[in-house]
Amino acid sequence: MRIGNKTFDTANTTYIMGILNVTPDSFSDGGKFSQEDAALQHVEQMIAEGADVIDVGGESTRPGYQKITEQEEISRTVEIIKKIKQRFDIPVSIDTYKAKVAEAAIAAGADMVNDVWGLKHDDKMASLIAESGVCCCLMHNRKEPKYASFIEDLKSDLEETLHLAKEAGISPDKIMLDPGVGFAKSYQQNLEVIDRLGELKELGYPLLLGTSRKSVIGLTLQLPVTERVEGTLVTTIFALLAGCAFVRVHDVQENKRAIQMAEAIRKGWKAK
């Protein structure tokens with residue numbers, strides 16, 4: 001898979017998408033990187049620690065989040081995307097479900113759209129992605145967390161998203177899927193989808209897992225958001241073992257080291 005000017009071996013390697021929240025109300029680091037200098041310093045740090053893609057978000061999607069206008073989201077994200085592309089040689093993703101925001105971000109240099117509604121919120125999003133030629137990460141989500149058969153329904157929902165992508169003309173080699181841990185799922189369902197990630201590979205697309213510091217970890221370990229690194233690392237290893245192409249994380253260095261260790265165990269001893 002090619003994102004921006006980088007090629008990713010999504011069939012054999014697990015890469016890191018580093019999270020940059022330029023929001024005042026993100027669940028884990030709200031306001032910490034909303035100033036440009038702090039944001040750019042954090043990007044530099046994440047790259048040094050091993051990030052392969054930077055995901056820029058201008059609106060929090062935590063439970064009970066405060067919706068903002070498209071213009072506000074654009075004002076938070078566009079300039080920082082421009083600066084990242086000017087200073088660093090790394091692909092950039094825009095975390096948004098709004099076509100106008102995605103359009104502005106792509107014009108600013110974004111190489112990927114990360115849509116937490118899987119093309120189902122804004123009917124202009126699919127055609128925008130197709131026409132711009134950028135990659136996309138399409139996440140599972142639904143308005144009501146009611147399922148007859150959880151994994152089968154999740155797959156069906158993602159197949160609906162893939163149909164929208166195909167109808168709009170998005171190239172299959174520009175799509176990855178995200179099972180949407182923490183979105184329209186119970187605690188038990190979040191655990192289940194992490195455990196059964198391998199079954200989603202049947203859909204035929206690279207997978208991204210985003211569990212970093214999320215409530216499924218906090219509820220399991222009874223820990224606040226600031227103490228969920230170890231729990232996140234476990235989910236990252238589950239992602240690697242299931243063949244996920246990306247993990248989306250806050251703590252880049254720790255996750256990078258965990259991936260390197262796991263890959264050494266799986267592959268390193270076989271190297272000639």
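Start by selecting Ile54 in this predicted model. Leaving aside residues up to four places away in sequence, Ile54 touches Gly18, Leu20, Val43, Met46, Ile84, Ile90, Pro91, Val92 and Ser93. Ile54 is also among the residues with the most contacts inside the largest nonpolar core, which has 65 residues. Add the others on that list to your selection: Leu20, Val56, Ile80, Ile81 and Ile84. Nonpolar side chains tend to be buried together in soluble globular proteins. Now color a second, separate core of 13 residues, where you will find Tyr15, Val53, Ala245 and Phe246 among the members.

**The sheet**

Switch to a cartoon view and show the strands. Eight of them form an open sheet with parallel pairing, and the order to trace is β8-β7-β6-β5-β4-β3-β10-β9. Which strands are at the edges? They are β8 (175-178) and β9 (208-209), each of which pairs on one side only.

Stay at the β8 edge. Strand β7 (residues 135-139) runs parallel to β8, and four bridges join the two. Select Cys136 and you will see Ile175 of β8 standing opposite. Further along, Met139 has Asp178 in β8 as its bridge partner. Turn on the side chains of β8: Ile175 and Leu177 point one way, Met176 and Asp178 the other way, and all are buried.

**Helices on the sheet**

Next, pick helix α10 (residues 252-266). Helix α10 lies across β3 and β10 (246-249), and runs at about 170 degrees to β3.

**Ile94, in strand β5**

Select Ile94, which sits in strand β5 (residues 92-95). Is Ile94 buried or exposed? Ile94 is buried, because its relative accessible area is 0%, where under 20% counts as buried. Show its surroundings: beyond residues up to four places away in sequence, Ile94 touches Asp55, Val56, Thr77, Ile81, Val101, Ala102, Ala105, Ala110, Met112, Val113 and Asn114. For a distance label, try Gln35: it is 59 residues from Ile94 in sequence and 17 Å from Ile94 in space, C-alpha to C-alpha.

**Helix α4**

Move to helix α4 (residues 125-132) and highlight its buried residues, Met125, Ala126, Leu128 and Ile129. These lie on the same side of α4, because they cover an arc of only 165 degrees around the axis. What covers them? The cover includes α3 (99-108), β6 (112-115), β7 and α5 (150-168). Just after α4, stop at Gly133, which takes a positive phi of about 80 degrees.

**Helix α9**

Finish with helix α9 (residues 229-242). Its 14 residues should span 20 Å at 1.5 Å a residue, and the end C-alpha atoms are 20 Å apart, so the two agree. Which residues of α9 are buried? Select Gly231, Thr232, Thr235, Thr236, Ala239, Leu240 and Ala242. These buried residues pack against α6 (187-195), α7 (197-200), β9, α8 (215-221), β10 and α10. The last stop is Gly243, just after α9, with a positive phi of about 85 degrees.

Methods: Residues numbered from 1 in each chain as written. Predicted model: local features only at pLDDT ≥ 70, side-chain atom pairs only at ≥ 80, totals over all residues. Heavy atoms only, no water. Pairing = 2+ DSSP bridges. Contact = heavy atoms within 4.5 Å. Axes fitted to C-alpha atoms, helices over the stretch in contact; angles between N-to-C directions. Core = buried A, V, L, I, M, F, W, Y, C linked by side-chain atoms within 4.5 Å. Buried < 20%, exposed > 50% of the residue type's maximum accessible area, 1.4 Å probe, protein only. Arc of directions from axis to C-beta. Expected span 1.5 Å × (residues − 1).
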